[in-house]
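Here is a short report to read beside the sequence and the structure. It moves from single residues to the ligand site and then to the chain.

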Amino acid sequence: MEITVRVNGEQVVRDVEPRLLLTHFLRDELRLTGTHWGCDTTNCGACVVRLDGSPVKSCTVLAVMADGASVDTVEGLAHGAELDPVQEGFVTCHGLQCGFCTPGMLMTSRALLDRDPDPSPQAIREAISGQVCRCTGYENIVRAVRWAAEKETAEETAEKEASKEEVTP
Amino acid sequence: MQVPAQFAYEKATSVDDAIELLARHGPESLIVAGGHSLIPMMKLRLAEPSTLIDINGLTDLDYIRVEGDQVRLGAMTRHATVLESAVVREHFPILPDAERTIADPLVRNRGTVGGSLCQADPSEDLSAAFSALRADVVIRGAEGQRVVPVREFHHGPYETAVAHGELLIEVRVPIRTRTGSAYQKVERRAGDWAVASAGSVVSLDGDTVAEAGIGLTAVGASHFVAAEAEDALRGRPATDEAFTEAGRIAAEHCAPSADQRGPVDYKRALVAELVARTLQRATARARGEA
Ligand SMILES: Cc1cc2nc3c(=O)[nH]c(=O)nc-3n(C[C@H](O)[C@H](O)[C@H](O)COP(=O)(O)OP(=O)(O)OC[C@H]3O[C@@H](n4cnc5c(N)ncnc54)[C@H](O)[C@@H]3O)c2cc1C
Ligand code: FES
Ligand code: FES
């Protein structure tokens, strides 16, 4: 079946078998191997991508179900050479060790901050509760997301201040 | 790597189109909603549909609205939408209580109300909650539509009143005055299926229990209901003693099995405690105290 999917902002058209899972479509067809493939049983969250904005486990979505939708993967997170604040947060706060869970954690964290720019540590824990990290003990992941939230809030305040200064002579 | 067996795929454009596609593709064709029960089963080859009929395009089945003295939820309403709905929280706090414990936020972005009920897993949480609320479901087929009480909807594990060629399209929950509700689940770890869960709905007349609804999941309760405990409560004063007694009766009449989640006596002990606690919380909410 021919499907058209907007992947990281770019339209891709492919002919796929209906049984192809979205994870394998991304990894094997499009060679976007940033999306990881772990448990295969909807438990670990290594495969999380955003489907029309919502973070979902792509091992449990058929590629054909994404026809006509937009899919965002970790490859699309950075803005050119500039890392997204959540990526910077993971680097700064040591939010990863082996990195296997990281793409999924990043996508869920980005979706959380888009919805709630100032999440409590508890809200962050809940948001990532469907994902497993075998290395960090989660503590540094929570710190990394808080770091990103604070950076974004600070930037926004600075921008507002700057635009105020522009209007006041 | 788990790969489903081959199947044909169709996208339904309307409820009638889905019904027509089911008829055309015959008894081995299946509806796919969120796919978060069906796709895992297909990956394990526990389900091998000849054709999948995708109803994710039917956004007109994704709604929560008040109509008269009912709240109506469309079959394609996602768990996440139910959890966030202010209307649902106001009238039926049992539903966000339950939703918060269902799987994890990622699964809840996909899984639907209709898929949950139709999957009819014996450990499914919404079946217990909707049974406690005495909800009705609307089923539509080629011959028209009918309304079935949730308490008659489940015919057994993985079997429901929905026949091949039919679709569950809506759940209707009655709004009652002076009524409160609550749900509690014990799970082994975040996101896991229940060891045991209970949900209670209490309608008060003064300090007397005018009507009680008690739903149970994962413990072999027939139609997810603790009917004997409801009977014992009706007309009794709403006291902690009465709730403890109802818990004891519910524990006695359910039929849990021993499995990796625990032995029978442990599950019965959980039922007794969860029923008493949810009755207390439901009553406090009915009184406007919580
Ligand atoms: C890791 C994990 C943990 C989970 N934990 C829990 C839990 O703790 N508690 C809980 O209650 N659930 C749990 N679930 C199940 C989850 O809630 C599912 O999303 C839900 O059971 C099925 O909904 P769905 O929309 O994904 O249905 P699907 O998988 O699409 O469909 C399920 C079945 O229902 C049929 N169907 C679907 N919609 C309709 C319709 N409108 N009319 C007729 N037939 C229909 C399908 O043909 C299929 O047979 C868990 C799932 C996962 C993957
Ligand atoms: S690979 Fe998808 S949840 Fe583990
Ligand atoms: S960093 Fe290794 S699993 Fe999370």
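## A loop residue and its neighbours

S123(B) sits in the loop that links helix 7 to helix 8 (125-132) of chain B. Helices here are DSSP runs of H or I with at least four residues, strands are runs of E with at least two, and both are numbered from the N terminus. The model is a predicted one: local features need a pLDDT of at least 70, side-chain atom pairs count only at pLDDT 80 or more, and totals for chains, interfaces and linings use all residues. Residues are numbered from 1 along each chain as its sequence is written, chains are lettered from A and ligands numbered from 1 in the order in which they are written, and side-chain values use heavy atoms, with hydrogens and water left out.

Is S123(B) buried or exposed? S123(B) is buried, at 17% relative accessible area. Buried means under 20% relative accessible area, exposed means over 50%, and partly exposed lies in between (1.4 Å probe, protein chains only). Setting aside residues up to four places away in sequence, S123(B) touches W193(B), T217(B) and A218(B). Contact means heavy atoms within 4.5 Å.

A218(B) belongs to the loop between strand 13 (208-217) and helix 9 (227-233) of chain B. A218(B) is buried, with a relative accessible area of 16%. Its backbone also stands out. Most residues other than glycine have a negative phi. In A218(B), phi is positive, near 70 degrees. H223(B) lies in the loop between strand 13 and helix 9 of chain B. H223(B) also has a positive phi, about 55 degrees, and is not a glycine. H223(B) counts as partly exposed, at 32% relative accessibility.

## The ligand between the chains

Ligand 1 lies between chains A and B. Its surroundings comprise 33 residues, and the closest are I31(B), G35(B), L38(B), T112(B) and D125(B). A residue is near the ligand if one of its heavy atoms lies within 4 Å of it. By class, this shell holds 14 nonpolar, 15 polar and 4 charged residues. Nonpolar covers Ala, Val, Leu, Ile, Met, Phe, Trp, Tyr, Cys and Pro; charged covers Asp, Glu, Lys and Arg; the others, Gly among them, are polar.

Oxygen atoms of ligand 1 make polar contacts, pairs of N or O atoms within 3.5 Å. The table lists three.

| Residue | Partner atom in the residue | Distance from an oxygen atom of ligand 1 |
|---|---|---|
| I31(B) | polar backbone atom | 2.6 Å |
| S116(B) | polar backbone atom | 3.5 Å |
| E124(B) | N or O atom in the side chain | 3.3 Å |

The protein covers 94% of the 970 Å² of accessible area that ligand 1 has on its own. Accessible areas come from the Shrake-Rupley method with a 1.4 Å probe; for residues, only the protein chains shown count as cover. Strand 2 (29-32), helix 7 (113-119) and strand 10 (167-174) of chain B are the elements that give two or more residues to the shell. Helix 7 of chain B gives the most, with 5 residues.

## Chain A

Chain A has 5 helices and 5 strands. Along the sequence they run β-β-α-β-β-β-α-α-α-α. The C-alpha trace spans about 60 × 40 × 25 Å along its principal axes. Of the 169 residues in chain A, 50% are buried. The accessible surface of chain A is about 8100 Å², with 49% belonging to carbon and sulfur atoms. Among contacts between residues at least 6 apart in sequence, 57% join residues at least 24 apart.

Helix 2 of chain A spans residues 85-92, and its buried residues are P85(A), V86(A), Q87(A), G89(A) and F90(A). D84(A) caps the N-terminal end of this helix, with a side-chain oxygen 3.0 Å from the backbone nitrogen of V86(A). Just after helix 2, H94(A) takes a positive phi of about 60 degrees.

T108(A) lies in helix 3 (residues 102-115) of chain A. T108(A) is buried, with a relative accessible area of 4%. Leaving aside neighbours within four places in sequence, T108(A) contacts V48(A), P55(A), A127(A), I128(A), Q131(A) and, in chain B, L106(B). The C-alpha atoms of T108(A) and A144(A) are 13 Å apart, and the two residues are 36 residues apart along the chain.

## Confidence

The model scores ipTM 0.95 and pTM 0.96. Chain B averages a pLDDT of 97, and 100% of its residues score at least 70. The pLDDT is the predictor's confidence in each residue, from 0 to 100.

Technical notes: A polar contact is a pair of N or O atoms within 3.5 Å; within protein, one must be able to donate a hydrogen and the other to accept it, and residues adjacent in sequence count only if both atoms are side-chain atoms.
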